[in-house]
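Student: I would like a close look at one part of this model, with its surroundings described step by step. Please keep to what can be read from the coordinates.

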Amino acid sequence: MDEEKENKTITINGVDIAPGQNRSVQLNIARLPTGTLIDIPVHVFNGKEVGPTVLIQAGLHGDEINGVETLRRMLQDNCFYIEKGAVIVVPIVNIFGFIHFSRDVPDGKDVNRSFPGKKTGSLASRIAYTYSDQVLPQANFAIDLHTGGSQRHNHPQARYTASDPDSQMLAKAFNAPFNFASKLITGSFRKTTFKMGIPTMVYEAGESMRFDENSIAIGIKGVENVLQFLGMVSKRQKVKQESSIHLESTRWIRAARAGMFIPQIANGQAVEKGETLGLVTDTFAKKNKKIMAPFDGYIICINHQAVVNQGDALFHIGR
């Protein structure tokens, strides 16, 4: 094959994956207190023809399992038949959080606030450092799969960086029900990839520690949409999809008082200004506080916590 048309070799943890090869690599991280070695499994699918390398990951927060299941199903069903470029699939980045049913690592630190990490830092920082050193330099684009946390259920949505038009391009190609720009957070994976020049989109869908079939199905289709958009896989028969709705801005609606929270609107639903979204009521049925929509828009997240405190985020609404 002509060298100019052959894809690059990908090297992770000293293992070379040549064009046309598919391999799994174990990325050494640390040991449990018992001495058990903990690795991050990395699956590499390297196409023969030249093209971009896309990193697709989940489980950066260990309790966000919808993304993990999305990639597990795609691996099981051999969805990554890559013709041009390469795909790096990491179903669980935060192995420690996953085995402890936790968002964070055992010392309470958030891996997604620890990038780019330090070789001699905390456990979260070491995970971020190893990942930044071994995996990120291989990628041209990245898709990061998340869910809502703390009993918040996100309606499927794609987020991108406002100052990075290529990340917006990925979010549009993914075609989740909603897409919008979100701010970069210090220490986050997305801020690090932004600094490295790797356009990254985040898919948020569902709720932590609960499978949501709709979120998983949209996630699988979204990943396939991006790979087709980038010309990495053969175009398949088009399935009619609703176009993603772009949101110009979003806002959290918070509880004006403490009490029992009763939503009265469906996630993803269009609402009008002044429409009742739910109630916060006391346990004696004497006082009810209606929660009203502040503007016309769409509900993109609902808090499923039944008992709330004043100031708790209840609904995320997009304009």
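Student: Take the pairing of β15 with β16 as the starting point. How many bridges join these strands, and what surrounds the other strands and helices that can be described in similar detail?

Tutor: The model is predicted, and what follows should be read with that in mind. Strand β15, residues 276-281, is joined to β16 by five bridges, and the two run antiparallel. One residue pair can be named: Thr281 has Asn288 of β16 as its bridge partner.

This pair belongs to an open sheet of four strands, ordered β16-β15-β13-β18, with antiparallel pairing. The edges are β16 (288-292) and β18 (307-308); each has a single partner strand, so one side of each is left without a neighbour in the sheet. Strands of a sheet pair through backbone hydrogen bonds, in a parallel or an antiparallel way.

Next comes β17, which covers residues 297-303 and has six of its seven residues buried. Three other strands pair with β17. With β8 there are three bridges in the antiparallel sense, and His153 stands opposite Ile302 of β17. Strand β14, residues 270-271, is also antiparallel to β17 and is joined to it by two bridges; here Val271 is opposite Gly297. The pairing of β17 with β19 (residues 313-318) is antiparallel too and has four bridges, with Tyr298 facing Gly318 of β19.

The loop between β7 (141-148) and β8 (152-160) holds Gln151. With a relative accessibility of 30%, Gln151 counts as partly exposed, because buried would require under 20% and exposed over 50%. The chain separation between Gln151 and Asn303 is 152 residues, yet their C-alpha atoms are 5.9 Å apart. Apart from neighbours within four places in sequence, Gln151 is in contact with Glu207, Ile302, Asn303, His304 and Gln305. Ile302, in this list, is also the residue that His153 stands opposite in β17.

The helices can be read in the same manner, with α6 (residues 213-229) as the reference. The axes of α4 and α6 come within 7 Å and cross at roughly 125°. That angle makes α4 oblique to α6, and the crossing is right-handed. On the α4 side the contact uses Met169, Leu170, Ala173 and Phe174; on the α6 side it uses Ile218, Gly219, Gly222, Val223, Asn225, Val226 and Phe229. By type, these residues are eight nonpolar, three polar and no charged.

Helix α1, residues 65-76, packs on α6 at an angle of about 55°, with the axes 9 Å apart. The two helices are therefore oblique to each other, and their crossing is right-handed. From α1 come Asn66, Glu69, Thr70, Arg73 and Met74, which meet Glu213, Ile216, Gly219, Ile220, Val223 and Glu224 of α6. This contact divides into four nonpolar, three polar and four charged residues. Gly219 and Val223 of α6 take part in the contact with α4 and in the one with α1.

Finally, Asn175 lies in the loop between α4 (165-174) and β9 (178-181). Its relative accessibility is 17%, so Asn175 counts as buried. Residues up to four places away in sequence aside, Asn175 touches Asn225, Gln241, Glu242, Ser243 and Ser244. Asn225 thus appears among the contacts of Asn175 and among the α6 residues that meet α4.

Note on methods
Residues numbered from 1 in each chain as written. Predicted model: local features only at pLDDT ≥ 70, side-chain atom pairs only at ≥ 80, totals over all residues. Heavy atoms only, no water. Buried < 20%, exposed > 50% of the residue type's maximum accessible area, 1.4 Å probe, protein only. Contact = heavy atoms within 4.5 Å. Pairing = 2+ DSSP bridges. Axes fitted to C-alpha atoms, helices over the stretch in contact; angles between N-to-C directions. Parallel < 35°, antiparallel > 145°, perpendicular 65-115°, else oblique. Left-handed = near helix turned anticlockwise from the far one by under 90°. Nonpolar A, V, L, I, M, F, W, Y, C, P; charged D, E, K, R; others polar.
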